[in-house]
Amino acid sequence: MAMSPTGRTDAELVASLVAGDEDALGALYDRHADSIFRAAFRLLGDRGQAEDVLQETMLALWNRAETYDASVASLAAWLLTIARNRAVDRLRARARRPVSMLLSAAAGAATDDTAIDRLVAGGELVGAAAARPDPASAAEASWLAGAVRDALAAIPDPERQALELAYYHDLSQSEIAARLGWPLGTVKTRTRRALARLRVVLAEVLGPDAGLRVLPSVSSVEAFGALTQGGSDGSR
Amino acid sequence: MDHVEVRQWLTDALAGGVLPSVLDDLAAAPGSDAASPDPAADEVRAHLMACDACGAEAGALVTTGALLAAATPDDVLAPVAARERILRTVRETGMVRVPAAPTPAPVAVGVPAVPAVPAVPAVPAVSRLRRWRLVPALASFAMAAIIVGGLFTVANMGHQRDVAQAEVAALGELASASGHILARPDHAQLALVAADGTSMGMVVFSPSSGQLAVWSRDLVGMASGTRYDCFLVRGSSLTLIGWMDTAGDVAYWVGQSPAGVTLGHAGDRIVVQADVPGAAPVLSGTF
């Protein structure tokens with residue numbers, strides 16, 4: 001009978017995993033999956049792709065456990081390095097996928113690298129900031145995250161709540177409506193309005209080069225109104 | 001769809017944390033396996049192709065999503081439903097591990113279950129032929145792993161042992177993954193050739209599982225220190241599959257095919273090229 005993994009160190013669990021103990025894999029998953037998923041989501045901004053990275057990281061742990069050396073780094077750091085490499089792989093692939101061409105063509109920028117970089121600026125920017133170990137980049141990434149949190153804090157509570165439940169906690173609009181007791185249309189309206197407000201605030205903080213501008217063919221007032229249409233808002 | 005509907009559609013995808021995947025789906029050719037089954041996606045794609053303003057708006061939403069993701073709070077957790085699926089996938093596609101013997105020999109650690117490959121039943125005759133041709137290649141990987149493992153057994157020196165252990169595990173991963181792919185009834189293979197037509201590598205994949213393995217024993221010696229990328233070329237689009245890892249004299253990539261891409265379409269090419277600006281493919285193969 002396998003010993004309960006509770007209380008065993010990462011190194012002990014890895015040794016068990018190398019010996020073919022599948023319970024050890026489950027225990028290591030329970031211990032590290034959340035931080036791996038979070039790190040991947042921070043880089044990729046996509047729940048499905050973050051799940052894929054989590055899966056690939058656990059597969060790498062299973063296949064390459066012999067290469068882990070506890071005297072060199074913690075298992076958490078080792079796993080996060082694997083996850084980061086997999087996520088960056090995806091960011092690079094994303095930059096080269098046809099959707100970049102599709103958007104850049106629509107934006108009138110053909111296929112030059114600058115247009116691609118601009119269109120994936122968020123992913124490249126955040127990925128690079130999180131990946132670089134030097135203090136300046138770490139500070140930049142920290143400042144950026146802080147700016148976004150400040151911008152979120154500036155949004156009215158109901159709108160921020162709707163956006164956070166949807167974006168960070170994977171609740172569907174129906175689930176949010178049920179949890180908060182709001183009509184479905186109100187959830188949609190508040191979520192869209194939260195994103196529109198967030199863009200306005202971040203554009204002011206980050207400046208025109210951040211890539212948050214737009215709306216040339218529709219006035220900003222019309223666009224803001226359009227984005228927040230589609231449902232009633234009980235707060236008004 | 002008009003401007004407002006397209007922007008609401010994209011905004012809802014962003015709020016749901018799936019905008020990058022949705023844009024990947026939009027990039028797929030309409031009607032292809034990778035394209036979204038949502039009929040609205042076709043309308044959005046057509047609109048974006050024709051509308052500069054909404055194309056730029058989509059780019060701004062991508063940036064907004066990246067910024068939101070960067071501020072992900074620490075209470076965000078991996079989806080509960082993912083646990084069993086991921087652990088099952090690792091068990092099914094990972095290397096075969098057996099309980100350690102009382103005094104395990106170093107070479108036994110990480111060596112994949114290559115002998116299990118020929119034992120898979122009910123494979124069509126054509127697949128048997130393909131697999132038979134691949135067995136020597138897999139055997140060579142296993143042999144390389146044994147040789148490498150033997151090195152550290154004899155030398156027993158710290159650094160060499162670490163390197164050897166890593167190479168044993170890497171080659172084991174390659175052989176194990178290839179074995180799993182070859183055990184799939186729908187597996188197929190593709191030779192990678194150099195510009196002069198010399199066969200220098202191989203691709204094995206399974207369309208149903210999406211598993212893919214690419215390897216060459218000639219890349220490492222061609223330009224030591226150079227990293228190689230592996231791409232899928234379909235029409236005029238180029239999709240990065242991944243970076244080639246190295247183990248001994250083997251350069252390889254193992255994993256899932258790119259999200260939303262089904263391999264094996266007639267005319268598709270797999271190319272391998274150095275990760276430097278302006279590099280030309282050094283290996284290629286056409287389905």
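## Reading a two-chain model together

Tutor: Let's start with chain A, which has 12 helices and 0 strands. Keep in mind that we're looking at a predicted model.

Student: What order do the elements of chain A run in from the N terminus?

Tutor: From that end they go α-α-α-α-α-α-α-α-α-α-α-α. Chain B has a mix, with 8 helices and 9 strands.

Student: How much of each chain is buried?

Tutor: To judge burial, you count the C-beta atoms around a residue; 20 or more others within 10 Å make it buried. In chain A, 49% of the 236 residues are buried. For chain B, the figure is 44% of 287 residues.

Student: And how do I read contacts along the sequence?

Tutor: Look at how far apart the partners sit in the chain. Take the contacts in chain A between residues at least 6 apart in sequence: 61% of them join residues at least 24 apart. In chain B, residues 24 or more positions apart make up 60% of the contacts with a separation of 6 or more.

Student: Can we zoom in on one residue? Is Leu25(A) buried or exposed?

Tutor: Leu25(A) has 25 other C-beta atoms within 10 Å, so it counts as buried. You'll find Leu25(A) in helix H2 (residues 22-44) of chain A.

Student: Which residues does Leu25(A) touch, leaving out those up to four places away in sequence?

Tutor: Its partners are Leu17(A) and Trp62(A) in chain A, plus Leu87(B) and Val90(B) in chain B. You can also compare sequence with space: Leu25(A) and Val14(A) are 11 residues apart in sequence, and their C-alpha atoms are 8.0 Å apart.

Student: How do I describe two helices that pack against each other?

Tutor: You give two things: the angle between their axes and the distance between those axes. Try H2(A) with helix H3 (residues 47-64) of chain A, where the angle is about 140° and the axes are 8 Å apart.

Student: Why are H2(A) and H3(A) called oblique?

Tutor: Roughly antiparallel needs an angle over 145 degrees, and roughly perpendicular covers 65 to 115. At about 140°, these two helices are therefore oblique to each other. H2(A) passes H3(A) in a right-handed crossing. Many residues take part: those from H2(A) include Leu25(A), Phe37(A) and Leu44(A), and those from H3(A) include Arg47(A), Val53(A) and Trp62(A). By type, the contact has 15 nonpolar residues, 2 polar and 1 charged.

Student: What about helices in chain B?

Tutor: Helix H1 (residues 3-15) and helix H4 (residues 52-70) of chain B pack at about 15°, with 10 Å between their axes. H1(B) and H4(B) are therefore roughly parallel, and H1(B) makes a right-handed crossing as it passes H4(B). On the H1(B) side you'll see Val6(B), Leu10(B) and Leu14(B) among the contact residues, while the H4(B) side includes Ala58(B) and Leu61(B). This contact divides into 7 nonpolar, 4 polar and 2 charged residues.

Student: Where does H1(B) meet chain A?

Tutor: Look at helix H11 (residues 184-206) of chain A: the axes of H11(A) and H1(B) come within 10 Å and cross at roughly 90°. That makes H11(A) roughly perpendicular to H1(B). Thr191(A), Arg192(A) and Leu195(A) contribute from H11(A), and Gln8(B), Thr11(B), Leu14(B) and Ala15(B) from H1(B). The residues here split into 3 nonpolar, 3 polar and 1 charged.

Student: Now the strands. How do I see which ones pair?

Tutor: Follow the bridges from one strand to another. Strand E2 (residues 199-205) of chain B runs antiparallel to E3(B), with 5 bridges joining them. One of the pairs is Val203(B) with Val214(B). E2(B) and E3(B) make a hairpin with 5 residues in between, and Gly210(B) in the turn has a positive phi of about 80°.

Student: How many bridges join E3(B) to strand E7?

Tutor: There are 6, and E3(B) runs antiparallel to E7 (residues 250-256) of chain B. Leu212(B), for example, has Gly255(B) as its bridge partner in E7(B).

Student: Why is E3(B) described as largely enclosed?

Tutor: Because 6 of the 6 residues of E3(B), residues 211-216, are buried, the rest of the structure largely encloses this strand. Both faces are covered: Gln211(B), Ala213(B) and Trp215(B) lie on one side, with Leu212(B), Val214(B) and Ser216(B) on the other.

Methods
Residues numbered from 1 in each chain as written. Chains lettered and ligands numbered in written order. Predicted model: local features only at pLDDT ≥ 70, side-chain atom pairs only at ≥ 80, totals over all residues. Buried ≥ 20, exposed ≤ 12 C-beta atoms within 10 Å, placed from the backbone. Helix = DSSP H or I, 4+ residues; strand = E, 2+ residues; numbered from the N terminus. Pairing = 2+ DSSP bridges. Contact = placed C-beta atoms within 7 Å. Axes fitted to C-alpha atoms, helices over the stretch in contact; angles between N-to-C directions. Parallel < 35°, antiparallel > 145°, perpendicular 65-115°, else oblique. Left-handed = near helix turned anticlockwise from the far one by under 90°. Nonpolar A, V, L, I, M, F, W, Y, C, P; charged D, E, K, R; others polar.
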